[in-house]
Amino acid sequence: MAVKYVPEPFRIKVVEPLRMLTREEREKRIAAAHYNLFYLKSEDVYIDLLTDSGTNAMSQFQWAGVMQGDEAYAGASSYYKLIDAAKDIFGYGYIQPVHQGRAAEKVLLPLFLSEGKFAISNMFFDTTRAHVILSGARAIDCVVPEALDPSRRAPFKGNMDVEKLEKLIREHGPEKIGLVVMTITNNSAGGQPVSVRNVRETAAVCKKYGIPFDIDAARYAENAYFIQRDEPGYADKSIKEIVREVFSYADMFTMSAKKDTIVNMGGMIGVKDEKINEKLILEIKSRCIEFEGLYTYGGLAGRDLEALAIGLYEGLDDNYLRYRVGQMEYLAAKFDDAGVIYQSPVGGHGVFLDATAMFPHIPYTEYPAQALCVELYREAGIRCCDIGSYMLGNDPDTGKQLKADFEFSRLAIPRRVYTQAHLDVIVDAVIEVKKRASGIKHGLRIVWEPPILRHFQAHLEPIK
Ligand code: F0G
């Protein structure tokens with residue numbers, strides 16, 4: 001199916017030169033990197049799809065804002081500019097800047113979780129899961145079943161399975177559930193959106209059992225775009241109105257601002273109701289001072305706060321979001337034509353290739369998605385990452401390798417960075433690997449790994 005590329009609603013003023021190594025050089029580099037793409041130097045990568053996080057291109061307005069950053073230790077004007085913007089968009093009473101998403105998790109999650117408790121999410125992102133575990137609690141994923149079948153096209157595949165959520169709460173006892181977390185969009189399931197209706201129903205269950213409801217809000221704007229496009233009753237609402245409504249159902253949010261607010265560094269915590277949460281806000285402030293710095297800068301420079309305040313509004317622009325999701329749709333249509341299976345319909349921040357479909361003969365214990373990432377680097381200098389059993393790691397109680405629901409190789413697309421021709425290089429590389437997929441007999445084995453978040457640091461080798 002021919003999908004027209006949505007033209008960029010901007011032109012390019014600054015360029016970053018790239019170089020393409022030879023196949024032989026790439027082969028050497030990936031071996032020296034222990035077949036772990038996080039160890040590659042970025043100068044050895046031609047198209048970097050490792051993440052859409054902090055890899056965004058800022059606008060001329062944001063760069064101008066950088067020059068206006070107020071670097072005062074306390075009470076900087078850039079801080080107040082950020083707070084005004086965030087309150088205006090999310091409608092929350094208290095906003096705490098932090099340096100990135102996992103800092104928000106580190107500050108907030110232990111205030112609700114401890115040994116013997118559980119946190120339930122539509123799907124935890126890996127750092128969020130890690131912070132649940134570090135606080136002594138256990139993390140449970142509760143996504144709708146259709147998410148688990150990549151070739152099944154259904155809207156809002158990121159949703160919480162609300163019936164199952166209520167069952168889990170009853171099973172464990174509401175007093176044991178410290179937090180319910182809604183990840184929007186659902187990164188680990190493929191950047192899949194969550195509907196307003198699902199957020200509302202999840203909030204109602206939380207309210208019924210007195211459980212705090214948190215939004216993991218990294219990609220709230222892309223999520224709102226899908227709601228506007230696909231959810232009945234929302235076509236005439238603005239992105240800002242939709243964001244407002246979604247956030248109105250939760251009690252708090254943690255956010256990595258390195259995604260939809262189109263900056264290179266930043267994060268936030270939000271608490272909706274200032275009045276009834278005075279104690280919580282005091283605790284957030286003290287923990288922020290301990291880990292991040294004074295609560296008016298939260299680990300960020302004044303220039304970062306300024307760029308973030310501007311990016312919050314740029315990320316809500318309809319033309320930008322149409323172009324942004326348009327890039328994913330362009331890739332997805334090319335993959336459809338070539339019979340490449342991915343989590344469909346395509347999500348908001350990347351294409352999640354189904355490595356099990358590409359390498360049906362490679363078991364999860366040999367990390368097929370990581371193997372596909374390695375092949376794409378070999379093929380065209382593309383760097384992407386495993387969202388599968390390799391990333392999931394071992395059971396914290398038994399130490400045994402867990403089997404992930406998916407084996408995805410994620411092609412995450414940085415915002416406002418790559419052109420249509422770059423996307424064509426990606427498509428050609430995936431098709432080339434598909435052609436020789438049956439000849440790639442084995443995956444990889446881990447020869448060394450750290451105890452938590454291992455995928456960033458593990459050493460692997462090909463199984464011969
Ligand atoms: N929550 C979600 C849903 C995320 O996708 C991420 C980061 C975080 C929290 C943590 O935020 O990186 O700012 O500390 N995701 C990146 C990714 C790293 O590549 O998907 P952070």
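# Questions on a ligand shell and its salt bridges

Modeller: The shell around the ligand divides into one nonpolar, nine polar and seven charged residues. This is a predicted model.

Colleague: Which residues come nearest to the ligand?

Modeller: Thr51, Arg102, Ser256, Lys259 and Arg410 come nearest, out of the 17 residues around the ligand.

Colleague: Which helices supply at least two residues of the shell each?

Modeller: α4 (101-108) and α5 (126-134) do. The largest share is that of α4, with three residues.

Colleague: What makes the pair of arginine 410 and the ligand a polar contact?

Modeller: A polar contact needs a pair of N or O atoms within 3.5 Å. An N or O atom in the side chain of arginine 410 is 2.6 Å from an oxygen atom of the ligand, so the pair meets the cut-off. Glutamine 100 has a polar side-chain atom 2.7 Å from a ligand oxygen, and for arginine 219 the distance is 2.9 Å. The protein covers 95% of the 470 Å² of accessible area that the ligand has on its own.

Colleague: Why is the pair of arginine 219 and aspartate 52 called a salt bridge?

Modeller: The rule asks for a side-chain nitrogen of Lys or Arg within 4 Å of a carboxyl oxygen of Asp or Glu. In this pair the closest N and O atoms are 2.8 Å apart, so the rule is met. Arginine 219 sits in the loop between β6 (213-216) and α8 (220-230), and aspartate 52 in the loop between β1 (47-48) and α2 (60-67), so the salt bridge ties together parts that are 167 residues apart in sequence. Are the two residues buried or exposed? Both arginine 219 and aspartate 52 are buried.

Colleague: How many salt bridges does the rule give?

Modeller: The count comes to 29. Side chains of opposite charge can pair when their charged atoms come close.

Colleague: Which residues are linked with glutamate 375 in a network of salt bridges?

Modeller: Arg23, Glu27, Arg378, Glu379 and Arg436 are linked with Glu375 in that network. Glutamate 375 meets arginine 378 at 2.7 Å, N to O, and its salt bridge with arginine 436 also has an N to O distance of 2.7 Å. Glutamate 375 lies in helix α14 and arginine 436 in the loop between α16 (420-435) and β13, so this pair ties together parts that are 61 residues apart in sequence.

Colleague: Why are arginine 378 and glutamate 375 separated by about one helical turn?

Modeller: Because they are three residues apart in helix α14 (residues 368-380).

Colleague: How do you know that arginine 378 and glutamate 375 are buried?

Modeller: Buried means under 20% relative accessible area. Arginine 378 is at 17%, so it counts as buried; glutamate 375, at 7%, counts as buried too. Arginine 436 has 29% and is therefore partly exposed.

Colleague: What makes valine 447 partly exposed?

Modeller: The relative accessibility of valine 447 is 47%. Partly exposed lies between under 20% and over 50%, so valine 447 falls in that class. Valine 447 belongs to strand β13 (residues 444-448). Together with Tyr39 and Trp448, Val447 makes a nonpolar surface patch of about 290 Å².

Methods:
Residues are numbered from 1 along each chain as its sequence is written. This is a predicted model: local features need pLDDT of at least 70, side-chain atom pairs count only at pLDDT 80 or more; totals for chains, interfaces and linings use all residues. Side-chain values use heavy atoms; hydrogens and water are left out. Patches are made of residues with over 30% relative accessible area and no salt bridge: like charges are joined within 9 Å, nonpolar side chains (Val, Leu, Ile, Met, Phe, Trp, Tyr) within 5 Å. Accessible areas come from the Shrake-Rupley method with a 1.4 Å probe; for residues, only the protein chains shown count as cover. Helices (H or I, at least four residues) and strands (E, at least two) are DSSP runs, numbered from the N terminus. Buried means under 20% relative accessible area, exposed over 50%, partly exposed in between (1.4 Å probe, protein chains only). A residue is near a molecule or strand if one of its heavy atoms lies within 4 Å of it. A polar contact is a pair of N or O atoms within 3.5 Å; within protein, one must be able to donate a hydrogen and the other to accept it, and residues adjacent in sequence count only if both atoms are side-chain atoms. Ala, Val, Leu, Ile, Met, Phe, Trp, Tyr, Cys and Pro count as nonpolar, Asp, Glu, Lys and Arg as charged, and the others, Gly among them, as polar.
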